[in-house]
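Trainee: I should like to learn how pockets and helix faces are read from a model. May we begin with the pockets?

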Amino acid sequence: MLDLAKIKVEVAEDPEKISTTHLQLGLPLIFILSQEETLEADKRIAESVAWQLLGKAGLLLLSRNSVGLDVSSRYNVAIKTVEEDMPVKYLTLKDADEIVALVRNGEQSNPSLDDKAEEVYEEEEEEEGVENENNEQEIQDDEVVESAVRDRKRELSLKHIHTLTEESFLSILAETNHTAVLFYASWEAVSLVVMQSFLEVAAQLKGTPEISLARVNCWDWPHLCLRENVTQFPIMKMYTKEGAWLAYSGMWETKEMMKFIELSRNSCPVRLMTPEEIEEYLTDKTSPHHTVSVLGIFDSSMSEAREAFIEAGRILNGYVTTGIYYEEDATVLAHKYNVALPALLFAKPSTQQRNAFQLSQYNTQDIVKVIRHALLETFPEITVENLPDYFQMKKPLLILFSDGIPGEKEVEEMKHVAVGEDHKTFITCWLNLKNTPVGRSILKAYFGNSVVPVPLLLWISLHSGGHVFVFPSDQSISETNILAWIEKLKTKQEAPRATLSEKEWKPRLPAYNFLSMMEPTLPEFTIYTQESISIRQEEILGEKKAEAAVTKKPTKDSTMEELKPKKPTGRALRRAAPHLGAKEKQAKHHSEL
């Protein structure tokens, strides 16, 4: 009986210096380049390949970490032949079958395996050339894909994050109190761009004992992602040692991701027991991300409102810090801030500003909405990051475009408008063209190539007609003039300077029109019963049969061919992963992801 240990051997030495009996017998040596995170999976692959190549080649499992191999991370296989003057060849192969085919084809053609290796390199170059031609068309209206294509040859440093597999997932999570896990797909453009921000976060959190970062490639580990309820990618989840998790839903920007990871470490809401604890909580300045503290104040009898607030605190965990106080002297604290119970107290430690509001609705979602709206600034600077927060309120924007920070007089007058009687019907804000250069593109869309003077005050009705109005240039920016101008807009005495078009964002190419490829659904307002669904399914089946009969009549051979099991294919050497997306393509030099 053959000993498996003799068929495949684990080594920790430079391939150039390794010599075995296989080379003495004129057989090539195959190295599978492994790493600590995927060692167990690589062992299984190596075992399968070793049996298939028995008597044709030697197989060695080489650990990158132990050798410190100075080769690109995109290579996963190396070949050493009997020729003494020939260096070790490093290749990027898709699966175990390609390793077997590489040896067998080289054995049959006999020009040596080096020729086969050169063919692999030539095929890679040809594929890259074809991809460049295809990408030229794809990236024209997709800045994310363009960024991924532009940086496809950039080597990413993954040393600060763990690579999780089905075997190591739970054990790695148990090592630290909090672990941020990025679930992604290595072939998908957004995932590759988000990975760069994730690595920047990992570098900044290096050495933090209570936090670790990890990644799971759903392309390689689909069952793990399914088990963790990953329905889209990329997605980041913050796990505790016990397995509880929070999903991140903010911007894929380093600063925002850092804020979520640091704030989610604290259990929310924090129960406070004494006035001293309350004061310490409201004045906490230990974290740069701890900008606003929210305190819920309740009487001991207000169980319904208290439970709703606790649930709201859990929902907002990672985005805002919440605390709760429901001791017997809660009325004394409420009297201090001149507010009736139940109440919410908002504190900004940096400015010592505190505002209290009475809670009129005890529903969890209403409390979440109140807190989110209260966190918005009175006269905010609009940026790419915070625009969605204000845009979703569906109110007109009274926005001041400025080339830098506006003058003190303009700021003071705009703030008076922002806190006036009608301030709840619109959003008063400003945009710094130096900090947010995309603002110039916005002005160009409104005014064409005309040069407009700044500061410039506009009224933009994004959700009601798309009209853009310009504040008269011959008037000074004052509260009185602005309010009088707004009244004219309401009575339609002013003509819009521009109107935003309502054109649809259609797919650039027919092949991208995925909605047209979906199965037809039941008509709107249909009462769904089991009978109606069954009838509709029979109609769809009949349509498909009729279409198939028109296009081509199936033959016995073709039917048998369709019934044959299809051989699964995969993009990773570690395992053959199922097709998780319509596009089975990886960016070059991102294969290690």
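Trainee: How many residues of the lining of the largest pocket are nonpolar, polar and charged?

Mentor: In general, rolling a probe the size of a water molecule over the atoms shows where empty space is left. In this predicted model, the lining of the largest pocket comprises 14 nonpolar, 11 polar and 10 charged residues. The space in this pocket amounts to about 1400 Å³. Its lining has 35 residues, and E256, K259, L376, N386 and D389 are the closest to the centre. Two or more lining residues come from each of helix 11 (254-263), helix 15 (364-375) and helix 16 (387-391); helix 11 gives the most, with 5 residues.

Trainee: Which element supplies the largest share of the lining of the second largest pocket?

Mentor: Helix 15 does, with 6 residues. The second largest pocket has a volume of about 1200 Å³, and H373, A374, L376, T378 and H423 lie nearest its centre among 33 lining residues. Domain 3 (268-375) and domain 4 (386-499) each contribute at least three residues to this lining. Helix 17 is one of the elements that supply at least two.

Trainee: Why do the buried residues of helix 17 lie on the same side?

Mentor: An α-helix has 3.6 residues a turn, so residues three or four places apart point the same way. In helix 17 (residues 408-418), the buried residues are E413, M414, V417 and A418. They lie on the same side because they cover an arc of only 145 degrees around the axis. E408 and K409, on the other side, are exposed. Among the elements covering the buried residues are strand 16 (397-402) and helix 19 (479-490).

Terms used:
Residues are numbered from 1 along each chain as its sequence is written. This is a predicted model: local features need pLDDT of at least 70, side-chain atom pairs count only at pLDDT 80 or more; totals for chains, interfaces and linings use all residues. Side-chain values use heavy atoms; hydrogens and water are left out. Buried means under 20% relative accessible area, exposed over 50%, partly exposed in between (1.4 Å probe, protein chains only). Helices (H or I, at least four residues) and strands (E, at least two) are DSSP runs, numbered from the N terminus. The arc is that of the directions from the helix axis to the C-beta atoms. Contact means heavy atoms within 4.5 Å. On a 1 Å grid over the protein atoms alone, a cavity is a set of points where a 1.4 Å probe fits but cannot get out, and a pocket is an open set with protein on both sides within 12 Å along at least five of seven lines; lining residues have an atom within 4 Å of a point. Grid points are joined across faces, edges and corners, and a volume is the space filled by probe spheres set on the points. Ala, Val, Leu, Ile, Met, Phe, Trp, Tyr, Cys and Pro count as nonpolar, Asp, Glu, Lys and Arg as charged, and the others, Gly among them, as polar. Domain bounds come from an automatic or database domain assignment.
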